[in-house]
Amino acid sequence: WNKSLEEMLVSIQNAKNMTEALKTYGKSSEGKKTISLKELLGLAKIMVDAKHKDFPYEYVFEGDDIDLIVNESNMQEVFFNVIDNGLNAIKIFMNSSQKSRDYKPRIVVTWKRENGNIVVSVTDNGVGFKSEDLEKAFTPYHTTKGLDRGTGLGLFAMRELIRKENGSVEIFSELYKGTTIKVILPNGKDA
């Protein structure tokens, strides 16, 4: 009986977290507000975990307590897409012959102040990019997933949302070694 009650309480908490994440996701608000970067990344992860339900992976999440002044919905969408892309790359790599026997799926999200900016790095140990695909990563309609699974607009749209925040994005990747996406934002303040 206690086990069932515990499971029910966990389910209620998960539903509450999902509701909080959904409140901001997809809003088309133009306004900016102050939000904790840790909270923003947490909301994005809730959405990713809902999409990739029952897919086990290690998630490392660390950084200083930093507040951002951003459009919350847009930046939640950016971080959702970055983490989601990482998990998709991991799933592709898991089906490749390049994967070692002891491979463990892993996403590492870190953030810090660097040269007057806030830099958020999301690193996956997925399939990575071929060099020719990396050069076209932000080109609209260029996809490596195939037309049935991707439109080729995700990275382009993500970059445009980051530009609206006067930020930039960089991708570092090597085939079969993973990818790091760095989101650089100029605005932030101490929490």
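This passage describes the fold, core, aromatic pairs and salt bridges of a predicted model.

The chain has 5 helices and 8 strands. From the N terminus on, the order of these elements is α-β-α-β-β-α-β-β-α-α-β-β-β. Of the 191 residues in the chain, 40% are buried. Contacts between residues far apart in sequence are a marked part of the picture. Among contacts with a separation of 6 or more, 69% join residues 24 or more positions apart.

Helix 3 covers residues 72-94 and has 23 residues. From its first C-alpha to its last, helix 3 reaches 33 Å. That span is close to the 33 Å expected at 1.5 Å a residue. Helix 3 is largely enclosed by the rest of the structure, because 18 of its 23 residues are buried. The N-terminal end of helix 3 is capped by N71. A side-chain oxygen of N71 lies 3.2 Å from the backbone nitrogen of S73.

The nonpolar interior comes next. In soluble globular proteins, nonpolar side chains tend to be buried together. The largest nonpolar core in the model has 41 residues. Within this core, V78, F79, V109, V120 and V183 have the most contacts. Many elements contribute at least two residues each: helix 2 (37-51), strand 3 (66-70), helix 3, strand 4, strand 5 (117-124), helix 5, strand 6 and strand 7 (178-185). Helix 3 gives the most, with 10 residues.

Two valines illustrate the packing. V120 is one of the core residues with the most contacts. With neighbours within four places in sequence left aside, V120 is in contact with L37, L41, F79, V109, T110, W111, I181, K182 and V183. V82 lies in helix 3. Its relative accessible area is 3%, so V82 counts as buried, the limit being under 20%. Not counting residues up to four places away in sequence, V82 touches V122, M158 and I181. I181 is thus a partner of V120 and of V82. The C-alpha atoms of V82 and D124 are separated by 9.7 Å, with their positions 42 residues apart along the chain.

Aromatic side chains form 6 pairs. One of these joins F93 and Y176, with ring centres 6.4 Å apart. The planes of the two rings stand at 40°, so the pair is tilted. This pair links distant parts of the chain, 83 residues apart. F93 belongs to helix 3, and Y176 to the loop between strand 6 and strand 7. The two residues differ in burial. F93 is buried, with a relative accessible area of 5%. Y176 is partly exposed, at 38% relative accessibility. One aromatic cluster is formed by F55, Y57, Y59, F61 and W111. W111 also appears among the contacts of V120.

Charged side chains are considered last. Side chains of opposite charge can pair when their charged atoms come close. The structure holds 9 salt bridges. One of them joins E165 and K32, with an N to O distance of 3.3 Å. This salt bridge links distant parts of the chain, 133 residues apart. E165 sits in the loop between helix 5 (154-164) and strand 6 (168-174). K32 sits in the loop between helix 1 (2-24) and strand 1 (33-36). E165 is buried, at 2% relative accessibility. K32 is partly exposed, at 43%.

A further salt bridge is formed by R106 and E58, whose closest N and O atoms are 3.3 Å apart. Here strand 4 (residues 106-114), which holds R106, is linked to strand 2 (residues 58-63), which holds E58. The two residues are 48 residues apart. R106 is partly exposed, at 35% relative accessibility. E58 is also partly exposed, with a relative accessible area of 40%.

K112 and E114 meet in a salt bridge as well, at 3.3 Å from N to O. K112 counts as partly exposed, with 43% relative accessibility. E114 counts as partly exposed too, with 29%. Finally, R159, E160 and R163 are linked in a network of salt bridges.

Terms used:
Residues are numbered from 1 along each chain as its sequence is written. This is a predicted model: local features need pLDDT of at least 70, side-chain atom pairs count only at pLDDT 80 or more; totals for chains, interfaces and linings use all residues. Side-chain values use heavy atoms; hydrogens and water are left out. A salt bridge is a side-chain nitrogen of Lys or Arg within 4 Å of a carboxyl oxygen of Asp or Glu. Helices (H or I, at least four residues) and strands (E, at least two) are DSSP runs, numbered from the N terminus. Buried means under 20% relative accessible area, exposed over 50%, partly exposed in between (1.4 Å probe, protein chains only). The expected span of a helix is 1.5 Å times one less than its number of residues. A polar contact is a pair of N or O atoms within 3.5 Å; within protein, one must be able to donate a hydrogen and the other to accept it, and residues adjacent in sequence count only if both atoms are side-chain atoms. A nonpolar core is a set of buried Ala, Val, Leu, Ile, Met, Phe, Trp, Tyr and Cys residues joined through side-chain atoms within 4.5 Å. Contact means heavy atoms within 4.5 Å. Rings of Phe, Tyr and Trp (its six-membered ring) pair if their centres lie within 6.5 Å; planes under 30 degrees apart count as stacked, over 60 as edge-to-face and the rest as tilted.
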